[in-house]
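Colleague: Before I use any of these labels, I would like to know what stands behind them. Please take them one at a time.

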Amino acid sequence: MSAVRPVRRSLVVVGAGPRGTGVLERIAANARGLDGGSGSLDLDIHLVDPFPPGGGRIWREDQSPLLWMNSQAQDVTMFTDDTVDLEGPVLPGPALHEWAGLDGRVFPDRRRQGGYLRWVYEKAVADLPAGVVVHHHARRALRLSGTRRGRQQVWLEGRPRPLTADAVVLTQGHLDAEPDDEQRELSAYADRHGLVHLPPDFTADSDLSRLAPGQDVIVRGFGLAFVDLMVLLTEGRGGRFEGDRYVPSGREPVLHVGSRRGVPYHAKIGYDWDAGSGDRPPLPRFLGPAQIDGLLARASGYDFRRDVWPLVDKELGYAHYHRLFTAHPERTAVAWTDFEEKYAAAEPLSAELRALVAASVPDPADRLDLTGLDHPLDGVRHSSPEALQDALRDYIGADLDRRHDPAHDPDLAVFLGLLSVYGQLVRLGDLGPWWHGFFSYLASGPPGPRLRRLLALSRAGVVRFLGAGLRVSAEDGVFRATGDTVPGAVLEARALVEARLPQPTLARTRDRLLRALHAEGAAATPTGLLAVDPADGRILHRDGSAHPRRFALGPHTNARGAGAFTRPRTNSPTFRQNDATARAVLDLLRALDPSPAAA
C-alpha cells in the first residue's frame with residue numbers, strides 16, 4: 001500500500017509590487033526553519049497582480065523614461081542590514097546604485113527602479129527552499145471567502161474556480177478610489193458643459209491627451225503628482241531645456257498651479273553629511289520606544305495634536321540645534337552643554353522653550369519654526385498675479401540655494417530627525433493624512449533639478465502660480481480658481497486637474513476584494529484604512545479579533561511602514577513589518593496538519 005502524500009500548502013499574496021516582493025524576500029529568508037532540515041518544503045505561493053512582479057503598477061518598467069524617482073539611488077534598498085531590529089535572519093543585498101552601477105547621488109528614472117525590483121523578486125524566488133513553487137496570476141483578485149478555521153478561497157477575475165489558500169497576504173499597495181461627493185459633482189459639471197476634469201489619479205495613468213495645447217488648466221496640488229504632470233506635459237510633449245531656459249514645443253497647455261500651502265515640496269537636500277565638522281544627532285532622544293510605549297498604554301487613548309505633535313516638535317528641534325551648536329558654534333550664544341540641559345528640562349512647545357531658543361540663537365533664521373515651514377505664505381499678500389510670480393520664483397530659488405548649501409546643514413539633521421520620528425510613529429498606526437503630507441513636504445520632495453526646471457517653465461509662462469488657500473468652484477460654464485495670496489484675483493479655465501493620489505479608504509476603494517472584506521466585517525481605522533494587528537499584520541474585525549489566516553501590509557492599512565522600499569541602515573519599519581508577517585505566515589503553515597484529511 002503506497003504512502004499518502006501530504007497536502008501541499010498554499011499561500012496567496014495579492015499584490016506583487018514592492019511590498020509583496022518584500023514579504024516574499026522575508027519568506028525566503030525565514031523559510032529554512034520550516035523544512036525540518038530536509039532542504040525542501042511543499043508550498044505553492046500564488047502571486048496575484050495584473051502587473052509584472054517586482055515593480056507592480058507604480059514601478060513597472062513600461063512607463064515614460066522622463067519620470068524619475070524622488071530618491072537618490074544610494075537611498076533605495078530592498079535588503080535588510082544589521083540596523084534592522086527583526087527576529088528573522090539579516091540577508092544583505094545591494095542598494096539600487098550598487099546593483100545598477102550608478103553614482104549614488106543620481107535620481108534614477110522609475111524604469112530603472114522597476115528593473116531593480118524585478119531582480120529582487122527573481123532573487124527571492126531563487127532563494128526559496130526546494131519544493132516551493134511560485135505562480136504569478138496576471139489577474140485581479142475579486143473576493144476572499146472561507147471560515148476563520150478553514151482554508152481560504154481567493155476568487156480571480158476571469159477564472160471560474162478560486163485559488164485555495166492556507167493563508168492570504170494582501171499587499172495591493174496604492175489603490176484607485178471612487179470619487180468623493182465633490183469630485184463627482186465636478187465631473188458631472190464638466191460633462192454638462194464640455195469641460196475637462198481629471199480627478200485624483202496616478203499621473204502616469206491619466207489621460208493627459210484631453211488637455212489641449214495652449215489651454216489654461218487649473219491644477220490643484222503642488223506635490224509630487226504635480227511634478228509628474230509638469231514633466232509629461234512639457235518634455236513629454238517635445239519641449240526641451242537649454243540650461244536654465246525652456247524651449248517650448250508649442251504643444252504645452254498653461255498650468256496654473258496652487259494648493260493649501262501654495263508652494264512646492266522642499267527640494268531634496270543636495271549635499272552629504274560632513275562628519276568632520278560635527279556628529280549626527282543622537283536619535284531618538286525625546287520621541288523613542290519609551291514614549292511610544294507610554295502613548296499606547298494610555299487607557300483613554302491619545303490625540304495627535306495634543307499628545308504626539310509636541311514630542312515630534314521637540315525631537316526635531318533637538319536634531320536641528322544639536323547640529324547648529326556642534327557644527328556652527330559661532331552662530332550660537334551659549335555652550336551646547338548648557339543649552340542641551342535646559343532644552344531637555346523644558347516642556348515641549350512651551351514659552352520657556354521658546355525663550356531659551358531666542359536667548360541662545362541670535363539669528364531668527366537659525367531657529368527651527370515648524371509651523372512657519374508648514375505655512376510659508378500665511379499672511380503674505382500680493383497686489384497682482386504678476387507680483388506673485390516674481391515672489392514665488394524668488395522663494396523657490398532661495399529654497400534651492402538653501403537645500404544645496406552645507407551652511408544650512410541643520411536642515412539635514414532635521415531630515416534625519418524626521419526619519420527617526422517616522423520610524424517610531426508607525427507603531428501608533430493610522431495618524432491620518434496630515435502627518436504623512438507634512439513628512440513628505442519636508443523630507444520627500446523632488447530632486448533639485450526638477451525645481452530648477454519649474455523655475456524655467458515659470459519664466460517661459462508655461463507654469464503660473466496661484467498661491468495659497470486655493471479654492472475651486474464650478475459656475476457659469478467654467479471652473480474658477482481663487483486664493484488667499486492675491487485677494488480678488490480670479491482665474492477662469494475649462495480644464496481642472498486634481499494633482500494628487502486617491503485616498504485609499506475602504507469605503508471608496510475600487511478594489512473589490514477590500515470593499516467586500518469591509519462589508520463583511522473587516523475593521524477600518526478612523527481615517528478609513530484597513531485595520532491590522534501591528535504585531536504581525538493580521539486583519540482585524542470590528543469585534544477586535546484578528547483573523548488567523550488573513551494578513552495585510554501597505555499604504556491601504558495602518559501597517560504602511562516607511563514606504564515600499566527604504567534607505568539603507570535606518571532600521572526600516574517596513575522591513576520589521578515584512579519580517580514579522582512572513583514569520584507569522586510560516587508559523588501558521590508549520591502548525592497545520594499536513595494530512596490530506598485535514599485539508
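Modeller: What follows covers a buried residue, its partners and a helix pair. This is a predicted model, in which local features need pLDDT of at least 70, side-chain atom pairs count only at pLDDT 80 or more, and totals for chains, interfaces and linings use all residues. Residues are numbered from 1 along each chain as its sequence is written, and side-chain values use heavy atoms, with hydrogens and water left out.

Colleague: Why is Asp-166 called buried?

Modeller: Its relative accessible area is 1%. Buried means under 20%, exposed over 50% and partly exposed in between (1.4 Å probe, protein chains only), so Asp-166 counts as buried.

Colleague: What makes the pair of Arg-549 and Asp-166 a salt bridge?

Modeller: The term needs a side-chain nitrogen of Lys or Arg within 4 Å of a carboxyl oxygen of Asp or Glu. Here the N to O distance is 3.9 Å, which meets that limit. Arg-549 and Asp-166 are 383 residues apart, and both are buried.

Colleague: How do you know that Glu-386 is partly exposed?

Modeller: Glu-386 has 44% relative accessibility, so it falls between the two limits. Its side chain meets that of Arg-464 in a salt bridge of 2.7 Å, N to O.

Colleague: Why is α7 called roughly antiparallel to α8?

Modeller: Helices α7 (residues 304-327) and α8 (residues 336-345) pack at about 175°. Angles under 35 degrees count as roughly parallel, over 145 as roughly antiparallel, 65 to 115 as roughly perpendicular and the rest as oblique, so α7 is roughly antiparallel to α8.

Terms used:
Axes fitted to C-alpha atoms, helices over the stretch in contact; angles between N-to-C directions. Helix = DSSP H or I, 4+ residues; strand = E, 2+ residues; numbered from the N terminus.
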